[in-house]
Amino acid sequence: MSRPLRIAVQMDPLERVNIDADSTFAMMLEAQSRGYELWVYPVTALSLVEGDGISGRVRARARPVTVRRQKNDHAEFGDEQIIDLGGTDVILMRQDPPFDMGYITATHMLEHIHGVGEGRSLVVNDPVAVRNAPEKLLVTHLPQLMPPTLITWDIEAIAAFRKKHQDIILKPLYGNGGAGIFRVKADDENLASLLEMHFSRSREPLMIQRYEPAVRKGDKRIILVDGKPIGAINRVPATGEARSNMHVGGRAESVELTSRDKEICEAIGPYLQENGLIFTGIDVIGDWLTEINVTSPTGLQELDRFDGINSAGLIWDSIEKRLKS
């Protein structure tokens with residue numbers, strides 16, 4: 001392709017990102033270094049237009065942007081314009097969950113233009129695959145790789161699961177960043193209250209998993225590009241904290257892939273590749289796969305610092321390969 005690629009980034013406010021940790025920012029820096037043209041917009045600026053005889057079905061109020069690694073001055077924006085997203089080459093769908101009806105609706109809208117060719121834009125990750133792969137549900141298709149897990153609305157089933165496994169983790173099924181996750185031990189008297197609180201505010205089921213003591217040594221985030229692992233970071237919980245997410249104080253450490261990690265990657269890699277899930281992150285505690293992150297995985301900058309690689313470059317190499325195929 002002789003002209004520079006046009007890249008549209010659908011994300012939460014760029015102005016507020018942590019430039020030393022944000023994976024979307026790293027991908028934008030790499031795109032810019034390759035001479036790509038960058039546009040940015042929030043998901044709330046997305047529109048689907050039908051039935052008025054005009055071209056450009058999926059549009060966004062977007063701003064051209066230049067990025068730089070300079071704190072408090074990392075983005076320079078041009079004037080906002082309405083752009084035809086089908087006229088871009090790539091759309092990075094990088095807004096954070098929760099994976100709610102707003103998120104799902106955006107995948108339906110982008111599905112109209114996803115692809116390669118005139119009037120199409122390669123959406124990363126594939127919006128249909130993202131919609132069909134809620135992160136805590138996708139992993140249930142690989143039960144041999146998971147710790148004991150229950151997904152239910154049934155309070156009695158949850159009580160029975162705790163009675164059997166004694167020490168459990170409660171997770172909102174569509175949450176992110178460690179929000180709303182609780183460890184509940186066998187003698188904890190708060191289980192009923194926690195369930196009442198959740199179900200009074202949500203119609204969604206909970207995911208319940210056996211607590212894995214190996215998490216004290218870390219929750220491994222493995223980054224995969226087009227189904228192949230490129231490296232991992234270990235996220236160690238802070239003292240007094242059951243969660244290892246870096247949003248809540250987890251500490252990132254360098255770590256190598258074990259033979260079990262590679263076995264897990266080999267098991268899920270073909271599915272990710274075949275379904276256009278180009279940039280994913282999986283979570284492994286001890287020997288067990290706990291989540292497959294397909295919406296807006298993180299960890300690129302930490303991985304680069306530990307391993308001396310250019311993970312965003314590997315992602316863009318994969319995207320370019322898809323555009324040429």
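This report describes the sheets, cores, helix contacts and some single residues of a predicted model.

**Four-stranded sheet**

One open sheet consists of four strands in the order β9-β12-β10-β11, and the pairing is antiparallel. β9 (149–152) and β11 (182–184) are the edge strands; each has a single partner, so one side of each has no neighbour in the sheet. Between neighbouring strands of this sheet the average turn is 25°, with direction ignored. Strands of a sheet in general pair through backbone hydrogen bonds, in a parallel or an antiparallel manner. Here, β9 is joined to β12 (residues 206–210) by four bridges in the antiparallel sense. Within this pairing, isoleucine 151 has methionine 207 of β12 as its bridge partner.

**Five-stranded sheet and the helix across it**

Another open sheet has five strands, ordered β15-β14-β13-β16-β17, again with antiparallel pairing. Its edges are formed by β15 (251–254) and β17 (288–293), each of which pairs on one side only. From one strand to the next, the twist averages 30°. Five bridges link β16 (residues 279–285) to β17 in the antiparallel sense. Aspartate 283 is placed opposite glutamate 291 of β17.

Helix α9 (residues 311–324) lies across three strands, β13 (219–225), β14 (228–236) and β16, and runs at about 35° to β13. Helix α9 also meets helix α8 (residues 300–307): their axes come within 8 Å and cross at roughly 115°. On the α8 side the contact is made by Leu300, Leu303 and Asp304, and on the α9 side by Ser311, Ala312 and Ile315. Sorted by class, these are four nonpolar residues, one polar and one charged.

**Nonpolar cores and helix α2**

In soluble globular proteins, nonpolar side chains tend to be buried together. The largest nonpolar core of the model holds 42 residues, and the members that touch the most others are Tyr41, Leu85, Leu110, Ile282, Leu289 and Ile292. Helix α2 gives the most to this core, with five residues. A second, separate core has 34 residues, among them Ile7, Met11, Phe279 and Ala312.

Helix α2 spans residues 101–111, and its buried residues include Tyr103, Ile104, Ala106, Thr107, Met109 and Leu110. At the start of α2, the backbone nitrogen of glycine 102 has a side-chain oxygen of aspartate 100 within 3.2 Å.

Leucine 85 has contacts with Ala8, Tyr41, Leu46, Val58, Arg59, Ala60, Ile91, Leu110, Ile113 and Ser121, when neighbours within four places in sequence are left aside.

**Backbone geometry in loops**

Most residues other than glycine have a negative phi, and most peptide bonds are trans. Three places in the model depart from this pattern and are described below.

The peptide bond between valine 124 and asparagine 125 is cis, with omega about 0°. Asparagine 125 is part of the loop between β8 (122–124) and α3 (127–131).

Asparagine 72 is not a glycine, yet its phi is positive. The loop that holds asparagine 72 connects β4 (58–67) and β5 (75–77). Glutamine 166 likewise has a positive phi in a residue other than glycine, and lies in the loop between α5 (155–165) and β10 (168–172). The table gives the values for both.

| Residue | Phi | Relative accessibility |
|---|---|---|
| Asparagine 72 | about 65° | 82%, exposed |
| Glutamine 166 | near 70° | 41%, partly exposed |

The cut-off for exposed is over 50%, so asparagine 72 at 82% counts as exposed. Glutamine 166 at 41% falls between the two limits of 20% and 50% and therefore counts as partly exposed.

**Glutamate 212**

Is glutamate 212, a residue of the loop between β12 and β13, buried or exposed? Its relative accessibility is 11%, and buried means under 20%, so glutamate 212 counts as buried. Residues up to four places away in sequence not counted, glutamate 212 touches Pro147, Ile285 and Trp288. The side chain of glutamate 212 also makes a polar contact of 2.8 Å with the side chain of arginine 210. Threonine 290 is 78 residues from glutamate 212 along the chain, while the C-alpha atoms of the two are 10 Å apart.

Terms used:
Residues numbered from 1 in each chain as written. Predicted model: local features only at pLDDT ≥ 70, side-chain atom pairs only at ≥ 80, totals over all residues. Heavy atoms only, no water. Pairing = 2+ DSSP bridges. Helix = DSSP H or I, 4+ residues; strand = E, 2+ residues; numbered from the N terminus. Axes fitted to C-alpha atoms, helices over the stretch in contact; angles between N-to-C directions. Buried < 20%, exposed > 50% of the residue type's maximum accessible area, 1.4 Å probe, protein only. Polar contact = N/O pair within 3.5 Å; in protein donor to acceptor, adjacent residues only side chain to side chain. Core = buried A, V, L, I, M, F, W, Y, C linked by side-chain atoms within 4.5 Å. Contact = heavy atoms within 4.5 Å. Nonpolar A, V, L, I, M, F, W, Y, C, P; charged D, E, K, R; others polar.
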